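Work through the exercises below with the sequence and the structure side by side. Try each task before you read its solution.

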Amino acid sequence: MIDVCVCEDDTKQLNEIVNYINNYILIEDLEMKLRIASKDPHEILNYLENNKINKSLYFLDIDLQTDINGIELAAKIRERDMTSKIVFITTHAELVFLTFKYQVEALDFILKDFPDEIQGRITKAIDLCNEQFKKKETDNEEYYQVKTADHIRSIKVKDILFFESSSVPHKVIIHLVNGQFEFYSTIKDIAHENKAFFRCYKSYVVNTNNIEAINRHTREITMTNGEKLMSSVMACRSLVKLKYDD
């Protein structure tokens with residue numbers, strides 16, 4: 001079930017958007033439900049705080065005539081719900097660039113300047129949202145999301161070799177099969193973000209699925225691409241048991 005949320009400060013437009021959504025869900029018999037439609041962005045945030053979020057689609061106005069605009073609301077939604085789909089419905093075409101600044105990764109940007117197209121664009125956004133969530137369900141690939149200065153990157157876990165503490169404070173280097181880059185995080189946090197990640201040394205977190213060999217005597221770990229890194233005594237014992245003991 002996909003949860004749908006709407007935030008629009010104009011009552012008439014809010015009701016129109018709600019009708020478009022509900023009618024399309026009913027006609028197409030979609031596994032979706034409108035959970036909340038409000039003029040107040042804080043009500044949307046309260047809903048997120050008090051309900052378990054799995055799959056969700058948000059339709060947001062940008063100019064909400066309150067202390068939080070729609071893009072700021074989207075950024076707060078992203079903090080709580082990284083996989084959500086967000087659609088902006090607005091008259092402010094000039095603010096499109098802010099969606100990149102706030103790294104909200106919008107599904108669509110619908111302009112109110114073309115009222116005859118709004119209903120069709122909403123239904124297309126609903127269809128696209130459905131398609132993307134279905135694809136994710138059938139896709140066996142596991143992804144790890146990284147927030148960089150420019151955007152949010154989704155990286156296949158199988159492509160991650162290991163993470164290394166950077167010389168830049170509060171930054172980590174992610175080593176991939178096809179390159180590397182830095183992002184803000186900590187080795188301590190990353191070690192708990194995926195079951196395949198294991199902290200083998202104070203400055204390293206290794207993807208256990210990409211370990212080629214472990215030398216018990218030198219405590220050296222060899223990755224599938226030939227790169228080598230060290231592990232602590234205790235971590236080496238744990239890794240050997242994890243990888244080789246039945």
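**Exercise 1.** In this predicted model, find the open sheet of three strands and work out which strands stand at its edges.

Solution.
- Step 1. Write down the strand order, which is β13-β14-β15, with antiparallel pairing.
- Step 2. Look for strands that pair on one side only: these are β13 (211-215) and β15 (228-230), the edge strands.
- Step 3. Compare the directions of neighbouring strands. On average they are turned by 25° against each other, direction ignored.
- Step 4. Look at one pairing in detail. Strand β14 (residues 220-223) runs antiparallel to β15 and is joined to it by three bridges. One position to check is T222, whose bridge partner in β15 is K228.
- Step 5. Add the helix. Helix α7 (residues 233-244) packs on this sheet and touches β13 and β14. The direction of α7 makes about 130° with that of β13.

**Exercise 2.** Determine the order of the open sheet of five strands and say which of its strands have a single partner.

Solution.
- Step 1. The order is β10-β9-β8-β12-β11, and the pairing is antiparallel.
- Step 2. β10 and β11 (197-201) are at the edges; each has a single partner strand, so one side of each has no neighbour in the sheet.
- Step 3. The average turn between neighbouring strands of this sheet is 25°, direction ignored.
- Step 4. Find where α7 meets this sheet. The helix packs on it, touching β11 and β12, and its direction makes about 140° with that of β11.

**Exercise 3.** Trace the pairings inside the five-stranded sheet and name one pair of bridge partners for each of β8 with β9, β8 with β12 and β11 with β12.

Solution.
- Step 1. Strand β8 (residues 160-165) pairs with strand β9 (residues 171-176) in the antiparallel sense, over five bridges. F162 has H175 in β9 as its bridge partner.
- Step 2. Follow the chain between these two strands. β8 and β9 form a hairpin with five residues between them. In the turn, H170 has a positive phi of about 65°.
- Step 3. β8 also pairs with strand β12 (residues 204-207), antiparallel, over three bridges. Here E164 has Y204 in β12 as its bridge partner.
- Step 4. β12 pairs with β11 as well, in the antiparallel sense, over four bridges. For F198 the bridge partner in β12 is V206.

**Exercise 4.** How are helices α2 and α3 placed against each other, and which residues make the contact?

Solution.
- Step 1. Helix α2 (residues 41-50) and helix α3 (residues 70-80) pack with their axes 11 Å apart, at an angle of about 0°.
- Step 2. Angles under 35 degrees count as roughly parallel, so α2 is roughly parallel to α3.
- Step 3. From α2, the contact residues are P41, I44, L45, L48 and E49; from α3 they are L73, K76, I77 and R80.
- Step 4. Sort the contact residues by class: six are nonpolar, none is polar and three are charged.

**Exercise 5.** What is the volume of the largest pocket, and which element gives the most to its lining?

Solution.
- Step 1. The volume is about 820 Å³.
- Step 2. The lining has 28 residues, and T83, K136, Y143, Q145 and S154 are the ones nearest the centre of the pocket.
- Step 3. List the elements that give two or more residues to the lining: β4 (85-90), α5 (115-138), β6 (143-147), β7 (152-156) and β10 (179-184).
- Step 4. β6 gives the most, with five residues.
- Step 5. By class, the lining consists of eleven nonpolar, seven polar and ten charged residues.

Definitions and conventions. Residues numbered from 1 in each chain as written. Predicted model: local features only at pLDDT ≥ 70, side-chain atom pairs only at ≥ 80, totals over all residues. Heavy atoms only, no water. Pairing = 2+ DSSP bridges. Axes fitted to C-alpha atoms, helices over the stretch in contact; angles between N-to-C directions. Contact = heavy atoms within 4.5 Å. Parallel < 35°, antiparallel > 145°, perpendicular 65-115°, else oblique. Nonpolar A, V, L, I, M, F, W, Y, C, P; charged D, E, K, R; others polar. 1 Å grid on protein atoms, 1.4 Å probe; cavity = no way out; pocket = protein on both sides within 12 Å on 5 of 7 lines; lining within 4 Å. Points joined across faces, edges and corners; volume = space filled by probe spheres on them.
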